[in-house]
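Please open the model in your viewer and keep the selection panel at hand, for the stops below are meant to be followed one after another.

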Amino acid sequence: MTEPDRVVRAMTMDGAFRLIAAVVTDTARGALGAQATGDELGLRLAELLAAAVLVRETTQPARRVQIVWRDVRGGSLVADSLPEGLCRGLVNPGEPTTVIAGGDHRLHVNYSLPNGALHQGTVAVPDGDDMATALMRYFKQSEQIVAMVALGALPGPGGVRAVGGYVVQLLPEATREVIDAMTDHLGGLEPIAILLEGRGKTAAELASVVFAGFAHAELASSELGFGCTCSEVRVMTSILTLPDHEIDGMLDGDPLEVRCDACGRQYVIEPTTLRDFRAQAGARA
């Protein structure tokens, strides 16, 4: 029996480095299955899901983080990482064009700040740069975080056979000596793709390998999984944003069949249910 997807946070005992390590293989399989995508595009979406988890855990685990990978024509991949550990992905939401795997891209990171304002960070991703490089650039430019990032997604059953990555963040306590030692250590590690199938198959194992030789402590570990925040109430709430004449037409018609773009769940909304919900919403207004 395989261990559920997890994310682990750890820190070296000298306070010089913080580590976020995540394995999201089953999570990515769920997202790829709901989006009916695979091959190169599916691998990019899988990496984006791992990236969203790493950003959320590095910046603030209690917030929702959304990352968008957009090509020059407007095609996009979207990954959401939610505080309760649920993750979901979207291929090209609302766009008529296909997503280009190669070429120049832009990486957008969005999340809500404590004061309610929306943080939106964007970095350019030149052709040839991978997602890990783009994420390191984002951390430095938008979060003022100096970090080493590794991300990997390997093709296999369900679109992927292994997906994960890590962030090693440089903290103010780090001295030049320990920075050089960590740089040499990370430079000598196997590529992330090899680690995910070898010494770092789980988040805990990956963390142990990345911090091997450095006294450290695990700070937290939490489970991850594919999931969505959709519900019948959310669907009907969305319907009520339509013009009144369109809603009136729905109330006199057949049951509405609505599919969640993120998770694929099908909802059948009966006209009487929608009518009652509309009346209750009006009474609360």
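Select α1 and α2 together, and look at how they cross: in this predicted model, the crossing of the two helices is right-handed. Helix α2 covers residues 39-59, and its axis lies 10 Å from that of α1, the two packing at an angle of about 135°. Angles over 145 degrees would count as roughly antiparallel and those from 65 to 115 as roughly perpendicular, and α1 and α2 are therefore oblique to each other. To see what touches, show the side chains of A28, A31, L32 and Q35 on α1, and then those of G42, L45, A46 and L49 on α2, which together make the contact. Colouring this contact by class gives six nonpolar and two polar residues, with no charged residue among them.

Keep α1 selected and turn next to the largest pocket, whose volume is about 290 Å³. Its lining is made up of 16 residues, and those to pick out as closest to the pocket centre are T2, E3, V23, T25 and K201. Two elements, α1 (25-35) and α5 (192-197), each give two or more residues to this lining, and α1 gives the most, with three. If you colour the lining by class, you should find eight charged residues, five nonpolar ones and three polar ones.

Now move along the chain and select helix α7, residues 232-239, together with α9; their axes are 10 Å apart and the packing angle is about 75°. That angle falls between 65 and 115 degrees, so α7 and α9 count as roughly perpendicular to each other. On the α7 side, show E232, V233, M236, T237 and I239, and on the α9 side T273, L274 and F277, for these residues make the contact. By class, five of the residues in this contact are nonpolar, two are polar and one is charged.

For the last stop, leave α9 (residues 271-284) displayed and add helix α8, residues 244-251: the axes of this pair come within 8 Å and cross at roughly 140°, which makes α8 oblique to α9. Here the residues to show are D244, I247, D248, M250 and L251 from α8, facing P271, L274, R275 and R278 from α9. The contact of α8 with α9 holds five nonpolar and four charged residues, and no polar ones. Before you close the session, select L274 of α9 by itself, since this residue takes part in the contact with α7 and also in the contact with α8.

Definitions and conventions. Residues numbered from 1 in each chain as written. Predicted model: local features only at pLDDT ≥ 70, side-chain atom pairs only at ≥ 80, totals over all residues. Heavy atoms only, no water. 1 Å grid on protein atoms, 1.4 Å probe; cavity = no way out; pocket = protein on both sides within 12 Å on 5 of 7 lines; lining within 4 Å. Points joined across faces, edges and corners; volume = space filled by probe spheres on them. Helix = DSSP H or I, 4+ residues; strand = E, 2+ residues; numbered from the N terminus. Nonpolar A, V, L, I, M, F, W, Y, C, P; charged D, E, K, R; others polar. Axes fitted to C-alpha atoms, helices over the stretch in contact; angles between N-to-C directions. Parallel < 35°, antiparallel > 145°, perpendicular 65-115°, else oblique. Left-handed = near helix turned anticlockwise from the far one by under 90°. Contact = heavy atoms within 4.5 Å.
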